[in-house]
Amino acid sequence: MAKFATGFIGLTLLIYSCSGKKELRTIPIKFTSFEIGYTNGWSRGFSFWVDSNKIFLSPQKFDLVKYGLLPDSIVRLVDTVLMKIIPDTAVKSTDDGCDDCSIVAMQTIIAKDTISLNQVGTINAVFWPVIRALKKFIGSDSHATIHAALILESQKRVFPPQFPLPSKKENYR
């Protein structure tokens, strides 16, 4: 009878400890800011930034920026993606060396840590749910806009300048 009780207690502790680990994975990531930029290599794509208060900014063409509050459903989606990316060492920056390929650039600040990823060519599947959701969300005409110039870090990595800018030392006539 003692062996049975010891085995039962051991099995109970094992099940409890496994379920406790699973619970830790469902705790949302508390990001300070989340930024992502995407292009399929041919179309304009998007750049997007959101802070911990759910206030988002998305630069558009020229001097127009969409802004507002991000819905909880998309914040949860961002949390889900971050919970998959952070522990997965296979999700890292890659470059397939292609000029007209898809590009995704992400920069997230969590507490005092910054996570930056840049993928060119083959985009890891973990990004697609948030890319699709944000593309649809940003494409909506229901957002407020402001005339301002805003260039995000992800925007610079996804949409680099076509021609190098002249240095200050060069004089042009």
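Which residue takes a positive phi in the hairpin of β1 and β2? I looked this up first and found G41, with a positive phi near 100 degrees, in a hairpin that has 6 residues between its strands.

**Ground rules.** I note that this is a predicted model, in which local features need pLDDT of at least 70 and side-chain atom pairs count only at pLDDT 80 or more, while totals for chains, interfaces and linings use all residues. Residues are numbered from 1 along each chain as its sequence is written, and side-chain values use heavy atoms, with hydrogens and water left out.

**Strands.** I took strands (E, at least two residues) and helices (H or I, at least four residues) as DSSP runs, numbered from the N terminus, and I counted two strands as paired if DSSP finds at least two bridges between them. Strand β1 (residues 33–39) is joined to β2 by 6 bridges, and the two run antiparallel; when I followed F34 across, I arrived at V50 as its bridge partner in β2. On to strand β3 (residues 55–59), which pairs with β2 over 2 bridges, again in the antiparallel sense, and here I noted L57 of β3 as the bridge partner of W49.

I then checked how far β2 (residues 46–51) is covered, taking buried as under 20% relative accessible area, exposed as over 50% and partly exposed as in between (1.4 Å probe, protein chains only). Of its 6 residues, 5 are buried, so β2 is largely enclosed by the rest of the structure.

**The second turn.** The hairpin of β2 and β3 has 3 residues between the strands, and K54 in the turn has a positive phi of about 75 degrees. I kept K54 in view for the next search.

**Salt bridges.** I searched for a side-chain nitrogen of Lys or Arg within 4 Å of a carboxyl oxygen of Asp or Glu, and the count came to 2 salt bridges. In one, K54 pairs with D72, the closest N and O atoms being 2.2 Å apart. K54 lies in the loop between β2 and β3 and D72 in helix α2 (residues 72–85), so this pair ties together parts that are 18 residues apart in sequence. I found K54 partly exposed, at a relative accessible area of 29%, and D72 also partly exposed, at 40%.

In the other, E153 pairs with K156, and the closest N and O atoms are 3.3 Å apart. Both belong to helix α4 (residues 153–158), where, being 3 residues apart, they are separated by about one helical turn. I recorded a relative accessible area of 32% for E153, which is partly exposed, and of 46% for K156, likewise partly exposed.
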